[in-house]
Amino acid sequence: MNRFASFLLTAALAAPAPAALAAPPAPDTKPSAAPTVVQPFKDAGLWYGVFGGSICSWLDSGDGVFLIDTASSAADAKSLKAEIARTTKNKPVKWIAMTHLHADSNDGLAAFFPSDATVFVNARGAAILADFAARVKGPAPNVIGVGDKVLLGAGKLRLEIGAAPAAAHTDSDLFVFDSVTRTVFVGDLVTPDRCPMLSDPASDLKGWILALDRLDALKPAGLVATRGNPTSNAAPELARTRLYLTNMLQFLIDQKKKNAPEARVTGELSIEKLGDYCPRELSAINALSVYRRMLPDGSTVPRALPKK
Ligand SMILES: [Zn+2]
């Protein structure tokens with residue numbers, strides 16, 4: 001077996017944002033399921049578990065906690081806070097990194113405030129978080145928009161917090177690399193055994209491949225995504241995601257050159273081999289979502305969101 005075995009953000013969304021965050025939140029009466037928390041390294045203060053729709057991870061600096069993603073709902077965030085307190089013996093959450101702003105990963109954010117914790121977010125999402133911080137009553141978060149990367153040394157922690165250089169899974173993807181365990185936390189940029197999701201209004205194939213270049217350059221050992229099983233062997237998962245995205249990009253550029261209608265794109269897709277882990281229906285959703293916004297060179301324009 002593998003060794004690694006909402007005051008909602010919606011309220012703060014004055015600026016254009018991913019569709020999932022603009023949608024009404026799911027009711028959050030109770031946690032989705034009792035979490036199973038894993039500590040993958042005996043001597044490292046690193047834990048992760050599934051909270052609602054996604055995996056959240058945290059690291060112990062010695063006198064504080066660095067949290068990666070905040071769960072899907074207020075109830076799941078409450079459960080996450082309880083697990084952080086249990087595993088770290090009640091150390092405070094001092095830092096939060098948001099791998100992206102999809103609701104299933106971070107609608108639990110408000111449960112961690114009021115607090116003067118520092119929140120790291122891709123610089124392209126910083127205005128949304130600044131609006132959020134301005135609405136917190138009492139101690140409010142310090143928001144750091146990461147444009148390229150931030151190196152954080154705090155107590156035992158040696159982290160690189162990196163921003164995807166362009167829109168990828170969303171327009172504001174962020175990753176965290178723990179250089180002690182060589183584990184990279186990738187959000188939805190790599191989703192082991194799950195189909196990459198390209199249906200966000202800002203998803204961009206070329207930008208996503210650039211983000212994978214950044215992840216490859218870290219030479220990570222382990223990889224923890226918000227969806228899919230964590231793995232101690234990151235390289236094959238990075239390679240599979242790259243293969244799917246590059247195949248999809250080439251296929252869609254070819255269709256664009258032929259000015260193929262959408263029905264034709266879907267039909268041709270059924271005989272293409274894009275990757276071995278995406279069901280055909282999901283690949284069709286991915287393909288059409290990008291194709292509608294694609295320019296002949298394979299770049300995309302973000303889809304306009306409906307006016308409120
Ligand atoms: Zn996502």
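This passage looks at a zinc site, a buried serine and a helix pair in a predicted model.

Start with the metal. Four protein atoms act as donors to the zinc ion: NE2 of H100, ND1 of H102, NE2 of H169 and OD of D188, at 2.2 to 2.3 Å. Along the sequence, these donor residues follow the spacing H-x1-H-x66-H-x18-D. H100 and D188 thus bring together distant parts of the chain, 88 residues apart. H100 sits in the loop between β5 (93–97) and α3 (103–106), while D188 sits in the loop between β11 (183–187) and α5 (205–217). Both of these residues are buried. As for geometry, the angles subtended by the 4 donor atoms run from 93 to 162 degrees, so the arrangement comes out as irregular. For reference, four tetrahedral donors would ideally give 109.5 degrees.

Next comes S54, which belongs to strand β3 (residues 54–60). With a relative accessible area of 1%, S54 counts as buried, because the cut-off for that label is under 20%. Its side chain reaches the backbone oxygen of D104 at 2.9 Å. Setting aside neighbours within four places in sequence, S54 touches G49, A71, S72, D104, S105 and T226.

Finally, there is the helix pair. Helix α7 (residues 262–269) and helix α8 (residues 280–291) have axes that come within 10 Å and cross at roughly 145 degrees. The crossing of α7 past α8 is right-handed. On the α7 side, the residues involved are E262, V265, T266 and L269; they meet S283, A284, A287, L288 and Y291 of α8.

Methods: Residues numbered from 1 in each chain as written. Predicted model: local features only at pLDDT ≥ 70, side-chain atom pairs only at ≥ 80, totals over all residues. Heavy atoms only, no water. Donors = N, O, S within 2.8 Å, 3.2 Å for Na, K, Ca; no water. Tetrahedral: all angles 85-135°; square planar, octahedral: opposite > 155°, others 65-115°. Helix = DSSP H or I, 4+ residues; strand = E, 2+ residues; numbered from the N terminus. Buried < 20%, exposed > 50% of the residue type's maximum accessible area, 1.4 Å probe, protein only. Polar contact = N/O pair within 3.5 Å; in protein donor to acceptor, adjacent residues only side chain to side chain. Contact = heavy atoms within 4.5 Å. Axes fitted to C-alpha atoms, helices over the stretch in contact; angles between N-to-C directions. Left-handed = near helix turned anticlockwise from the far one by under 90°.
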